[in-house]
Amino acid sequence: MKKFSLLLTSMLFLCLQIKAQFAPTPNNINTSIIRAGITGIGFPGSSASTMTTAANGQARLIVNGTLSDSTKGIFAHYVSGKVGLFDNSSQWLGLGIAGVGTAYGLAIAKNTNTGVFNLLSEGTQTNLIAGFGSTASTNTNRFKIRGFSGTSLTSKDLFIVNPNGAIGVNVEPLATVWVDSKQTTSSSLFRDIAIIGSQTAGSGSITTASALGNQQNTSLVFNNIAVEGFRAQFPDFATAVTQFPPTGGAVNLQVVNNPLGTTDAIASSNSITGPSRPSRPMAGWASVPFSLLPALVDRATNKQSC
């Protein structure tokens, strides 16, 4: 009787332990399983202390991915096919050993389409790789950085890379680097490719700036003048606003739509302290009054708002 009582007590204690581990009971497939403490997957019972040490109080769910077969042991989300395969019937994603070379990180497969974000050993280096593609013979996939509006997944494409090595900013690339700088109702006035820098000059330094693309500023808009081309100057756009009296210089190589309704070309060098002095005026552009100083001030203000 004592032995039976002891056995009954042991079984009751075991049931209480199971209930403490999982609540409600895990054999009901329609009921959620709750585990309050650290949960380990792939750890033998004898390594419970190792799992706890590995968690170090930071992790609640730990998956052991150090199995002998490197294609196993990942933490995966499964939809169809087989986890670990990149074929036309498998859809899954996994964290851990990707099963492709020495890759370690995130692998995503949807039919023949793949995406990875992995650390990959390449020679003496271990590099972080963000990749995309398809196992199909013709890969037409794109890598996109997209701006969302609310919950929409079809909002503005900001950056696009195609598998041929072309890069597009705001647009599908039609050249190795393709930039769409069209104005929108919410864009700033200047939408160009701009560079600012600092260079050694004597015992000090000067700030510099150059821009390629839309060169139109507020004063030119007021006079119905559109300008596209290249501009290089010192100091940089923001520094010029704070200098008094302003000093520096600029060079322009631009195509201009002037108020007379014609399209002109201009190559000019300018002093920031005075009006423009075209070195090679063409098609009458020199006859159109143009002051560099207000253009520079407007540019600096708008560049700060980009």
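Let me start with a rule: a salt bridge here is a side-chain nitrogen of Lys or Arg within 4 Å of a carboxyl oxygen of Asp or Glu. Hi everyone, and thanks for coming. What you have in front of you is a predicted model, and by that rule the count of salt bridges comes to four.

I'll take you through some of them, and then we'll visit a pocket and a patch on the surface.

Please find Asp-157. Which residues does Asp-157 join in a network of salt bridges? The partners are Lys-144 and Arg-146. With Lys-144, the N to O distance is 3.3 Å. That pair brings together distant parts of the chain, since Lys-144 belongs to strand β8, residues 143–147, while Asp-157 belongs to strand β9, residues 156–161, and 13 residues separate them.

The other contact is between Asp-157 and Arg-146, where the closest N and O atoms are 2.6 Å apart. Here again β9 meets β8: Asp-157 lies in the one and Arg-146 in the other, so the pair ties together parts that are 11 residues apart in sequence.

Now, is Asp-157 buried or exposed? Asp-157 has a relative accessibility of 17%, and buried means under 20%, so Asp-157 counts as buried. Its two partners come out as partly exposed, with Lys-144 at 38% and Arg-146 at 29%.

One more salt bridge is worth a look. Lys-182 pairs with Asp-180, and the closest N and O atoms are 3.5 Å apart. Lys-182 is exposed, at 60% relative accessibility, whereas Asp-180 is buried, at 17%.

Let's move on to the largest pocket. Its volume is about 390 Å³. How many residues line the largest pocket? There are 21, and Ile-108, Ala-109, Asn-113, Thr-114 and Gly-115 lie nearest its centre.

If you colour by strand, you can follow where that lining comes from. At least two lining residues are supplied by each of β3 (75–80), β4 (91–97), β5 (104–110), β6 (113–122) and β7 (125–134). The largest share is from β6, which gives five residues. Sorted by class, the lining holds 11 nonpolar, eight polar and two charged residues.

Last stop, the surface. A nonpolar patch of about 540 Å² is formed by Val-177, Val-179, Ile-193, Leu-212, Phe-230 and Leu-253. Take Val-177 from that group: you will find Val-177 in strand β11, residues 177–179. Why is Val-177 called exposed? Because its relative accessible area is 55%, and exposed means over 50%.

Leu-253, another member of the patch, leads us to Arg-231. Leu-253 and Arg-231 are 22 residues apart in sequence, yet 6.5 Å apart in space from C-alpha to C-alpha. Arg-231 sits in strand β14, residues 226–234. With a relative accessible area of 6%, Arg-231 is buried.

To recap, we have seen Lys-144, Arg-146 and Asp-157 linked in a salt-bridge network, a largest pocket lined by 21 residues, and a nonpolar patch that includes Val-177 and Leu-253. Thanks for listening, and do turn the model around as we talk!

Terms used:
Residues numbered from 1 in each chain as written. Predicted model: local features only at pLDDT ≥ 70, side-chain atom pairs only at ≥ 80, totals over all residues. Heavy atoms only, no water. 1 Å grid on protein atoms, 1.4 Å probe; cavity = no way out; pocket = protein on both sides within 12 Å on 5 of 7 lines; lining within 4 Å. Points joined across faces, edges and corners; volume = space filled by probe spheres on them. Helix = DSSP H or I, 4+ residues; strand = E, 2+ residues; numbered from the N terminus. Nonpolar A, V, L, I, M, F, W, Y, C, P; charged D, E, K, R; others polar. Patch = residues over 30% accessible without salt bridge, like charges linked within 9 Å, V, L, I, M, F, W, Y side chains within 5 Å. Areas by Shrake-Rupley, 256 points an atom, 1.4 Å probe, with all protein chains shown as cover. Buried < 20%, exposed > 50% of the residue type's maximum accessible area, 1.4 Å probe, protein only.
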